[in-house]
Amino acid sequence: MSATYRVAVRALCDFTARQGDLDHRFTPAPSAREGMEGHTLVASRRGEDYLAELPLSGKFEGLIVTGRADGFDPKANRLEEVKTHRGSLERMAENQRALHWAQVKVYGALLCAERALEQVTLTLVYLDIASGKETLISQEATADELQAFFAEQCQRFLAWAEQEAGHRQDRDSGLQTLRFPHAAFRPGQRELAEDVYKAASTGRCLLAQAPTGIGKTMGTLFPMLSAMPRQQLDRIAFLTMKTPGRRLALDALATLRGRRDAAEAQPLRVLELVARDKACEYPDRACHGESCPLAAGFYDRLPAARQAAVDQGWLDRDALREVALAHDVCPYYLGQELARWADVIVGDVNHWFDSHALLHGLAQANDWRTGVLVDEAHNLIERARGMYSAELDQQRFNRVRRAAPKALSRPLGRLSRQWQAVIKEAGLEEEGDPRKPAYRLLTVLPDKLVTAAQQVGAAITDHLGEHPEDASLELQELLFEALAFCRLAERFGEHSLCDLTRYGRGQAVLGLRNLIPADFLAARFNAAHSVVLFSATLNPAHYYRDLLGLQENTVWREVASPFTACQLEVRIRTDISTRFRDRDASIDPIVAAMAQQYQRKSGHYLAFFSSFAYLEAALARFREAHPEVPVFSQTRGMPEAQREEFLARFAPGGEGIGFAVLGGAFAEGIDLPGDRLIGAFIATLGLPPFNDFNEALKARLTARFGQGDDYTYRIPGMIKVVQAAGRVIRSPEDQGVVVLMDDRFAQASVRALLPRWWTLGDIHS
């Protein structure tokens with residue numbers, strides 16, 4: 001091959017040595033952290049001369065193969081490949097063991113070539129995470145045998161490598177001449193694009209606050225793609241908080257890429273990653289060949305499906321499914337495979353930031369230089385807190401225990417006793433009901449309960465391996481819940497707290513709540529070449545730097561708004577207090593203020609409240625006082641179909657007031673341009689509730705950053721307010737009004753968090 005192509009040992013063997021069924025019965029695997037700790041444990045048991053994480057590389061024709069062997073003992077002339085596991089090794093599928101042998105053989109070939117060894121002992125070391133027991137399986141191999149095996153694997157990969165090297169060359173060549181796809185930039189869009197390009201060029205993080213309507217999606221994708229060949233980026237990840245964000249990104253990429261049959265089309269592979277439950281064709285089947293027809297022989301049919309997919313290049317959800325089903329393979333796992341070979345991956349933020357993030361794992365394993373774009377980044381703090389939080393549900397546990405196989409009765413009984421002990425110690429034996437749950441913050445982690453949960457996880461894993469027919473949905477859910485909780489418990493510290501909520505007898509929930517995601521996310525930001533976080537609300541910058549763990553050299557930019565103060569009338573009603581103690585008294589003046597504005601100019605409005613109870617009280621009073629005005633309302637647990645009906649009410653030329661909850665489905669991420677929405681009433685500061693949890697959060701944030709009150713209450717609340725108000729002005733042609741109903745909106749500390757382009761007027765006292 002003419003071009004040199006670099007591949008990691010693991011990626012090479014994943015490509016050449018996998019065969020047979022897709023089989024996830026020997027799972028769940030240890031976490032990445034448990035794996036690293038297991039490797040460290042094995043190395044600590046070896047002699048002083050033992051070489052851990054030994055870098056090795058070699059070349060075959062135009063292919064450079066690199067990797068790190070887990071360990072080599074020069075005295076024993078033994079090369080080790082360490083694999084951590086749970087449960088009995090007898091349950092490991094043969095094709096999984098064959099993959100492990102392939103990896104250690106390739107490392108053996110590289111080692112023999114580098115050290116001029118004539119032979120070497122190859123050893124697979126299987127470390128049981130639960131017991132710490134090692135199982136060693138060894139075989140002797142000559143250098144000639146290993147070289148022949150290495151050559152065979154490389155030969156299998158060469159045609160693909162040549163194709164990939166050619167694709168990379170064509171891709172980079174095409175991107176060198178990438179042109180902005182529209183006649184002109186929107187106001188503010190060029191400034192944003194320049195900042196993104198500079199961040200990618202300098203390998204830094206960028207916080208970009210840019211108003212709605214300037215085209216942030218195109219304004220970030222275009223410069224990152226332009227920087228891709230110049231900065232030798234391997235992959236770009238466009239990460240979103242919600243499905244509509246993915247659609248916007250795919251639309252922008254389709255415009256940038258051009259039609260496949262057009263002469264100027266970019267040779268750019270685009271992949272949309274979809275959640276497993278959305279992509280699964282057989283949700284009632286288990287992921288192995290004896291159950292699911294798309295898992296049977298998956299790896300035997302994968303090469304043809306993979307080739308067809310990369311030939312197609314454009315792989316959104318529908319296109320990926322079409323390719324997968326044409327080759328009788330699982331769409332979800334085909335997507336997981338193609339994440340290795342796509343240039344731009346569009347998916348949820350969890351694919352880079354959570355503890356099992358696919359893209360982060362691939363980037364680490366393959367030394368990718370990755371450009372990461374995070375849309376609606378103001379949500380990342382709360383999303384990340386959720387990623388690194390976990391719960392144990394006593395009610396689910398009790399349901400499983402009643403129907404569980406007898407073999408699990410002992411570990412489940414131990415966990416039951418520990419549940420009762422924790423509830424008793426917290427003083428909640430007689431407290432709590434569904435209407436008024438009892439809540440306690442725990443000062444220490446209940447270690448005995450965590451140990452019991454670990455034992456339950458190990459017992460269920462072992463049992464299901466031997467008796468897959470017992471794999472009920474409830475049992476599997478308990479297993480994953482227990483393992484997720486225990487993994488976070490291992491990293492419990494000042495970044496999190498533990499709490500207990502009791503809703504009644506047998507209905508307690510033990511929670512590990514992350515408070516400061518920075519302690520988990522900092523490494524994720526460091527792993528990327530450049531990360532751009534963008535949103536209409538990223539102010540103040542220090543709030544995001546502190547809580548996300550951004551690098552010290554992170555740049556914050558505010559893109560000037562293309563909107564003018566004359567487009568949006570902002571009024572503050574300082575004669576109204578929406579504090580909890582004043583709620584009842586506030587209803588009549590709120591209703592009067594809404595009616596006054598509606599009579600002044602009829603049309604479509606949104607009215608936002610802090611809770612459904614507050615909303616319902618205001619709605620009832622408004623209907624009573626002004627039956628002539630059309631009103632409609634968000635409801636608790638509103639299904640998607642009803643949410644769509646709610647939005648459909650905002651038709652051009654119509655009128656009426658939609659009542660909604662601040663921070664809910666209609667407070668951000670919806671687009672109602674023109675006269676579909678001409679105003680918003682915001683009857684709240686959006687402050688989180690004053691309770692034990694938030695006060696504990698405040699204390700923790702004060703201790704770490706000295707900004708407890710702002711970081712817990714004021715800033716998160718105002719982010720919601722600004723997002724809701726942002727529904728009104730969506731383009732330079734829009735006109736509208738926002739009425740802020742609370743005297744605290746006049747405070748300087750609160751006004752400092754409002755958009756600079758707003759002009760506050762008509763402050764009523």
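Mentor: A residue is termed buried under 20% relative accessible area, exposed over 50% and partly exposed in between, using a 1.4 Å probe and protein chains only. This is a predicted model, in which local features need pLDDT of at least 70, side-chain atom pairs count only at pLDDT 80 or more, and totals for chains, interfaces and linings use all residues. Residues are numbered from 1 along each chain as its sequence is written, and side-chain values use heavy atoms, with hydrogens and water left out.

Trainee: Why is Tyr711 called buried?

Mentor: The relative accessibility of Tyr711 is 1%, and the limit is under 20%, so Tyr711 counts as buried. Tyr543 is likewise buried, at 4%.

Trainee: What makes Tyr543 and Tyr711 an aromatic pair that is edge-to-face?

Mentor: Rings of Phe, Tyr and Trp (its six-membered ring) pair if their centres lie within 6.5 Å; planes under 30 degrees apart are stacked, over 60 edge-to-face, and the rest tilted. By this rule there are 27 aromatic pairs. For Tyr543 and Tyr711 the centres are 5.2 Å apart and the planes make 75°, so both conditions are met. Tyr543 belongs to helix α20 (residues 541–548) and Tyr711 to helix α25 (residues 708–725), so the pair ties together parts 168 residues apart in sequence. Helices are DSSP runs (H or I, at least four residues), as are strands (E, at least two), numbered from the N terminus.

Trainee: Why is the pair of Phe622 and Phe659 edge-to-face?

Mentor: Their ring centres lie 6.1 Å apart with planes at 65°, so the pair is edge-to-face. Phe622 in helix α22 (residues 612–625) and Phe659 in strand β22 (residues 656–661) are 37 residues apart. Phe622 is buried at 0%, and Phe659 is buried at 0%.

Trainee: How do you know that the charged end of Arg583 sits over the ring of Tyr614?

Mentor: The rule requires NZ of Lys or CZ of Arg within 6 Å of the ring centre and within 35 degrees of the ring normal. The charged end of Arg583 is 4.4 Å from the centre of the Tyr614 ring, so the distance condition is satisfied.

Trainee: What makes Arg579 and Asp743 a salt bridge?

Mentor: A salt bridge needs a side-chain nitrogen of Lys or Arg within 4 Å of a carboxyl oxygen of Asp or Glu. The N to O distance for Arg579 and Asp743 is 2.8 Å, so the pair qualifies. Arg579 is partly exposed at 21%, and Asp743 is partly exposed at 23%.
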